[in-house]
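Subject: Structure handover and findings

Dear colleague,

Please find below the structure that I am handing over to you. My notes on what was found in it follow directly after.

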Amino acid sequence: MNMLLTSFAPYRLRLLFRGAFLLLALATVALALSVLQQEKQLSYNNYQTSFKKSQQQISATLRHPVGQLALLNPPGDKKGTGLHPLLLPFSALDFDDQNKVQQAITMSGCLVQYGSSGSLCVGIGNNPWAGGFIYAAGNFNSATLVPHQRGDLMLNQSHRIKVSVTLRGQSYRWIAPFEVDAPNRMQGLRGRFTGFWEDDANKPNARPVKEFRGWVWQKAVCNQIELDDADAACKKNAFFSLRLPIAVLQDALFEKKRPVWPPEDLDQIQVQLSVLAPNSDEVLFDSSSVPTAAPFSLGELQSSLLPGETLRIRKLAGQNDLIKLAGIVDNADDSWNLLTRLIRRLPVGEFDQPLDSVEEISTPLGNYEVILQGDVRSVSKSLSVVASRISWYVGGMLLALLLAWLFIEIGIIHRITLLTKRASSLSKTVKGAGGLERFDVSDLRSSDELGILASCLHDLLRRVKEDVEREAIRAEQEKEMWHAVGHEIMSPLQSLMVLHGTNEDPSNRYINRMQQAIRVLYGSASPSEAFQSTVLQVTEIDITTFLKHVASNAPCVGITQVEFIGADLPVMVRADDYSLEDVVTHVLRNAERYRVAGSAITMSLITSETAASITIHNQGPQIALELIDKIFEYGVSDQHDSGANGNRGQGLFVAKTYMAKMGGTISVENVSDGVSFTLSLQRGVS
């Protein structure tokens with residue numbers, strides 16, 4: 001596993017960089033999908049709520065008299081033209097009560113608007129036993145109504161209404177002049193329209209039609225006059241209500257068979273009503289003119305439907321639908337089919353299944369079934385229209401990420417890769433200053449940051465090459481110096497060996513040690529290389545006798561008060577006699593340098609079955625914590641002028657090197673009253 005991680009280490013930053021761009025692209029897509037999913041869930045929830053609201057709104061509308069009027073008068077293939085009576089959701093109209101009539105026709109919405117001229121509602125009651133009457137109610141604008149005086153044969157001197165009804169090949173025509181009933185300046189005029197047959201209207205013996213009833217109420221105040229119409233006359237609004245007796249309908253009620261109500265030819269009955277000014281044939285209101293607003297019909301329910309919803313209405317007794325409406329789908333071609341499929345696949349808490357609502361609406365002439373169907377799949381279609389527009393922004397973000405990645409990949413990462421490969425090749429192949437010449441980065445230099453880095457690296461390598469060449473010259477000079485020093489010292493040592501050649505001579509041991517040291521250093525490039533390349537002659541020696549000998553001879557090398565503490569028993573260890581003495585001497589000199597004046601340096605011996613440990617202790621200052629792990633390295637010393645005093649930071653390095661070659665160890669620790677060095681050696685087999 002470690003090898004795998006090591007092999008990917010040079011590519012770690014590049015993989016991290018490319019992975020970051022990949023994650024950014026994936027995060028952008030994931031964010032867009034997450035938003036779409038949330039919007040789809042919200043749209044589904046909103047659609048279901050809106051579906052319920054649509055169902056409640058449609059039901060409330062159809063239960064209202066306006067909806068009842070639309071149900072009782074469904075749209076169909078009307079064979080007649082002009083104004084036809086509607087089947088009202090009331091059994092009859094209380095035509096002689098202004099408030100009741102106004103409230104009834106306003107609630108039912110049966111009024112047909114004729115611009116600013118007025119409005120008119122023509123209908124029949126839903127109860128046939130209320131009489132075969134056609135009701136007409138509405139309003140018109142005129143000056144103060146001029147009444148007809150009773151006994152006056154001329155009817156055209158007053159305001160009057162002309163009404164004609166045509167059905168089943170017969171025509172009924174009335175003319176009804178206005179007769180004042182109770183004039184009141186504060187409340188306006190109240191009167192009636194007395195109906196005469198149009199053919200008998202101007203005859204001396206003309207009598208009013210008995211069952212013709214008509215009332216009119218005119219306001220006392222004028223209508224609002226436009227500010228820029230100074231010459232406009234004062235016109236007042238007049239509301240009228242008529243009951244027209246239709247003999248054909250009345251006779252059908254008294255036939256033996258059960259009467260058919262409403263009449264099957266209701267949409268073929270034509271009604272025409274006009275209001276004439278006095279003393280002229282000027283028409284103040286005419287129902288044959290083009291209406292500006294028709295009564296409420298079932299077709300207007302389409303505006304309440306959401307896209308994808310369908311509404312069917314049928315009578316329970318019948319099989320055919322009265323009407324079938326569908327919600328209008330806007331922007332049907334503004335979405336992408338692929339996005340629609342993607343949105344439909346996004347998981348939400350609801351299924352793509354139709355919503356159904358069936359309700360029963362009661363009317364005076366029967367019950368109707370209202371079937372509202374919704375399809376939540378239309379939500380996905382509508383949402384895809386919005387998603388198609390937003391997808392351009394998501395695509396733009398992904399394109400920006402791609403361009404940024406390409407720019408950095410080609411302009412930076414590729415050049416860094418080349419620089420890394422060349423640096424790696426240099427570290428593996430260069431063994432000297434000559435190898436630096438093969439590392440050429442001149443082609444990567446430019447005016448940008450990376451080019452400046454390549455230029456700096458090029459200049460740095462040139463300086464390194466010069467330093468390597470100078471170091472090689474210095475090493476060669478140092479080697480030659482060591483050769484010369486060794487050569488000059490070896491000649492006097494040869495003479496001293498002749499003078500002190502016997503083993504009984506105390507100087508013989510130290511002359512042999514000096515000669516060994518010269519052999520180690522002679523011909524080596526540096527002291528550290530010399531000590532590390534030395535081959536020791538490891539044998540078994542008596543460490544007890546060795547330590548006693550070192551303690552007794554210590555004053556000869558200027559180290560006094562060295563004491564050996566241990567049992568007087570032979571202990572055999574594996575070591576090189578001269579090298580071990582060098583090790584102990586270096587440690588003793590270090591202890592001599594720092595011990596408290598007049599205090600003794602102790603050497604104690606502790607043995608086990610496999611090892612022998614020598615502890616050299618001196619009283620004095622402790623070693624600084626930042627140096628305690630470094631004092632065995634070559635050239636490390638706590639004295640700033642150690643080089644000038646002959647202390648090159650070499651003694652403890654030699655001690656550690658020799659101990660390792662003899663299979664032992666050396667360590668140091670600070671104790672309460674000073675410093676202790678511990679030398680561990682392997683026990684011999686003897």
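I begin with the strand pairing in this predicted model. Strand β6 (residues 170-180) pairs with strand β7 (residues 189-193) in the antiparallel sense, and three bridges connect them. Val180 has Gly191 of β7 as its bridge partner. Strand β7 also runs antiparallel to β9, with four bridges joining the two. Gly191 takes part here as well: its bridge partner in β9 is Val216. Gly191 is thus bridged to Val180 and to Val216.

The disulfides come next. With a cut-off of 2.5 Å between cysteine sulfur atoms, the count comes to two. When the bonded cysteines of the protein are numbered in sequence order, they pair as 1-2, 3-4.

One disulfide is formed by Cys110 and Cys121, whose sulfur atoms lie 1.8 Å apart. Cys110 is found in the loop between α4 (98-108) and β2 (112-114), and Cys121 in strand β3 (residues 118-124), so this pair ties together parts that are eleven residues apart in sequence. The torsion about the S-S bond of Cys110 and Cys121 is about -110 degrees, and the disulfide is therefore left-handed. Both Cys110 and Cys121 are buried.

The other disulfide joins Cys222 to Cys234, with an S to S distance of 1.4 Å. Both Cys222 and Cys234 lie in the loop between β9 (213-218) and β10 (236-245), so the pair ties together parts that are twelve residues apart in sequence. For Cys222 and Cys234, the torsion about the S-S bond is about -85 degrees, which means that this disulfide is left-handed. Are these two cysteines, Cys222 and Cys234, buried or partly exposed? Because the class of partly exposed residues runs between 20% and 50% relative accessible area, Cys222, at 36% relative accessibility, counts as partly exposed. Cys234, with a relative accessible area of 30%, is partly exposed too.

Finally, I turn to one helix. How many of the eight residues of helix α3 (residues 65-72) are buried? The number is eight of the eight, so α3 is largely enclosed by the rest of the structure. The buried residues of α3 are Pro65, Val66, Gly67, Gln68, Leu69, Ala70, Leu71 and Leu72.

With kind regards

Note on methods:
Residues numbered from 1 in each chain as written. Predicted model: local features only at pLDDT ≥ 70, side-chain atom pairs only at ≥ 80, totals over all residues. Heavy atoms only, no water. Buried < 20%, exposed > 50% of the residue type's maximum accessible area, 1.4 Å probe, protein only. Pairing = 2+ DSSP bridges.
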